Amino acid sequence: MAGVTDTMGRPVRDLRISVTDRCNFRCTYCMPKEIFGKDYEFLARDQLLSFEEITRIAAVFASEGVTKIRLTGGEPLLRRGLEDLIGMLSEIDGIEDLTLTTNGSLLARKAQALADAGLDRVTVSLDSMDDSVFMAMNDVGFPVDAVLDGIEAASAAGLDPVKVNMVVKRGVNEDSIVEVAEHFRGTGHIVRFIEFMDVGTTNGWNTAAVVPSAEVVERIGEKFPLEPADANYRGEVADRWRYTDGAGEIGVISSVTQPFCADCTRVRLSAEGRLYTCLFAVAGTDLRAAIRNGADDAELHALVTEVWSGRADRYSEIRSEVTKRRPKIEMSYIGG
Ligand code: SAM
Ligand code: SF4
Ligand code: SF4
């Protein structure tokens with residue numbers, strides 16, 4: 001499909017929309033309690049984009065070639081009436097894949113309504129099968145079983161295949177890698193092991209805490225032999241590996257050890273309407289201001305294509321001691 005390309009020839013294909021900056025978890029790698037405590041000021045209601053505003057922006061991107069939309073946050077299922085937004089987005093011409101990333105805590109209750117509204121699939125985050133490890137990571141004492149119930153409810157509602165995201169941190173949950181892989185082998189759900197990233201500035205990231213994906217593949221492969229599988233499409237974030245015995249596949253997301261910026265077709269919209277062309281951006285473009293100042297669709301379109309055509313982001317390829325100290329946007333704000 002035609003459409004705007006950036007300074008490195010990359011088209012825009014995936015739009016990630018953060019619908020809230022709030023979350024009921026305090027994952028240590030994302031919203032550490034010491035920073036996101038009682039006094040932390042989250043966005044007020046009127047600062048959030050309305051569903052109509054989000055849908056207008058999404059339609060502009062669809063006309064430039066976006067085919068995939070992912071709702072995220074914060075915890076997207078905390079946003080009231082999310083089913084209505086899903087219904088609106090699913091009506092946009094050209095959107096082939098409408099998905100959502102969630103911590104799973106509210107999924108058992110909401111999966112059917114989300115599917116009925118037009119959601120295609122979900123990704124559920126789960127960092128361990130071991131309650132003590134998982135509770136220490138989500139830092140609110142949330143149990144593994146309740147997330148598993150959410151995954152099963154999603155599957156029962158037809159939101160298949162469910163992807164399961166596990167962020168791997170050295171010395172924290174690396175011993176859960178094989179156990180998580182084993183649990184989901186043969187279920188049709190696809191686990192994706194994510195290298196701990198230096199998103200934002202508050203999660204205490206350092207290279208020593210990163211478990212390289214190559215090591216993840218090796219550890220699982222020792223017990224359940226794996227072979228590489230081809231990417232499903234250009235720009236797929238995860239490298240795919242399939243079990244040689246036919247029990248399914250896993251993915252590894254190696255943002256730190258094997259950056260994939262050259263094929264990056266993702267754009268992000270924050271809950272208050274700022275547009276970011278990279279997960280590690282330090283500044284965004286205020287689309288909410290444009291909309292609330294009366295921009296019509298043609299003006300919005302011109303603004304969006306101007307931003308994308310000037311894009312030169314390749315943060316993961318140039319990550320260094322210097323870049324890691326940049327005043328980057330927090331993950332819970334920009335959306336994962
Ligand atoms: N709250 C939802 C959830 O946890 O699935 C959606 C938002 S969350 C920011 C999106 C994804 O980013 C999750 O799978 C989470 O594990 C991942 N994530 C958050 N911080 C990360 C970090 N520092 N490095 C790698 N992945 C991270
Ligand atoms: Fe919340 Fe998701 Fe961040 Fe965990 S990773 S704190 S669940 S937004
Ligand atoms: Fe895309 Fe930025 Fe991630 Fe590179 S670092 S893959 S440009 S979001």
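This section describes the surroundings of ligand 1 and the two largest pockets in a predicted model.

The shell around ligand 1 is made up of 19 residues, and those that come nearest are Gly74, Thr102, Ser125, Asn165 and Met197. By class, this shell holds 10 polar, 7 nonpolar and 2 charged residues. Contacts with nitrogen atoms of the ligand involve Tyr29 and Glu75. For Tyr29, a backbone N or O atom lies 3.2 Å from a nitrogen atom of ligand 1. For Glu75, an N or O atom of the side chain is 3.2 Å from a nitrogen atom of ligand 1. Thr102 takes part through its backbone, where an N or O atom is found 3.1 Å from an oxygen atom of the ligand. Ligand 1 taken alone exposes 540 Å², of which the protein buries 95%. Two or more residues of the shell are given by each of strand S3 (97–102), strand S5 (163–168) and strand S6 (190–195).

The largest pocket has a volume of about 240 Å³. Its lining consists of Thr20, Asp21, Arg22, Leu43, Ala44, Arg45, Leu48, Leu78, Arg79 and Arg80. Of these lining residues, 5 are charged, 4 nonpolar and 1 polar.

The second largest pocket contains about 160 Å³ of space. Asp21, Ile35, Phe36, Tyr40, Glu41, Phe42, Leu43, Thr202, Ile329, Glu330, Ser332 and Tyr333 form its lining. Here the classes are 7 nonpolar, 3 charged and 2 polar residues. Asp21 and Leu43 appear in the linings of both pockets.

Methods. Residues numbered from 1 in each chain as written. Chains lettered and ligands numbered in written order. Predicted model: local features only at pLDDT ≥ 70, side-chain atom pairs only at ≥ 80, totals over all residues. Heavy atoms only, no water. Near = heavy atom within 4 Å. Polar contact = N/O pair within 3.5 Å; in protein donor to acceptor, adjacent residues only side chain to side chain. Areas by Shrake-Rupley, 256 points an atom, 1.4 Å probe, with all protein chains shown as cover. Helix = DSSP H or I, 4+ residues; strand = E, 2+ residues; numbered from the N terminus. Nonpolar A, V, L, I, M, F, W, Y, C, P; charged D, E, K, R; others polar. 1 Å grid on protein atoms, 1.4 Å probe; cavity = no way out; pocket = protein on both sides within 12 Å on 5 of 7 lines; lining within 4 Å. Points joined across faces, edges and corners; volume = space filled by probe spheres on them.
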